[in-house]
Amino acid sequence: GANSYGIDDGRSIGCDSVNSSSGSEEFQRYLSWVTGYISAANHYRVASSNRSSAFGNNKKEHYEFILVGLSAHCSKYPEDSLADAAEALVERLFKKE
């Protein structure tokens, strides 16, 4: 279809799919979606309060946090969705403060 690369809200993608696609182009799409999800949550958090960005400025640290966190969550909870994994990463990120 016209939107064959879309992930929608991430609920239809299971962590088992994320685990089985590790290292592939498909995994990179999932990783990009999670990165966007976290970015949006962070933007909303900053805009709705006087808090600063939860990430800071280290881009390599952002990527590694997301990559490692996504893989770890999906390995531990293969029945969760991609959206569940993204939300868990947001919760961990905001607890780091």
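The following conversation walks through a predicted model of one protein chain.

Student: How many helices and how many strands are there in the chain?
Tutor: Reading along the sequence, one meets the pattern α-α-α-α. No strand interrupts that pattern, since the chain has zero strands, and the count of helices is four.

Student: What percentage of the 97 residues in the chain is buried?
Tutor: A residue counts as buried when its relative accessible area is under 20%. Applied to the 97 residues of the chain, the buried share comes to 35%.

Student: How far apart are the end C-alpha atoms of helix α2, and what span should its residues give?
Tutor: Helix α2 covers residues 25-47, which makes 23 residues, and each is taken to add 1.5 Å. The expected span is therefore 33 Å, and the distance between the end C-alpha atoms agrees with it, at 33 Å.

Student: Which residue caps the N-terminal end of α2?
Tutor: The place to look is the backbone nitrogen of E26, which has a side-chain oxygen lying 3.3 Å from it. That oxygen belongs to the capping residue, S24.

Student: Is S21, in the loop between α1 and α2, buried or exposed?
Tutor: S21 lies in the loop that runs between α1 (15-20) and α2. Its relative accessibility is 3%, and because the cut-off for burial is under 20%, S21 counts as buried.

Student: Which residues is S21 in contact with, leaving aside its neighbours within four places in sequence?
Tutor: The buried residues of α2 include F27 and Y30, and both of these touch S21. With one further partner added, the contacts of S21 are E26, F27 and Y30.

Definitions and conventions:
Residues numbered from 1 in each chain as written. Predicted model: local features only at pLDDT ≥ 70, side-chain atom pairs only at ≥ 80, totals over all residues. Heavy atoms only, no water. Helix = DSSP H or I, 4+ residues; strand = E, 2+ residues; numbered from the N terminus. Buried < 20%, exposed > 50% of the residue type's maximum accessible area, 1.4 Å probe, protein only. Expected span 1.5 Å × (residues − 1). Polar contact = N/O pair within 3.5 Å; in protein donor to acceptor, adjacent residues only side chain to side chain. Contact = heavy atoms within 4.5 Å.
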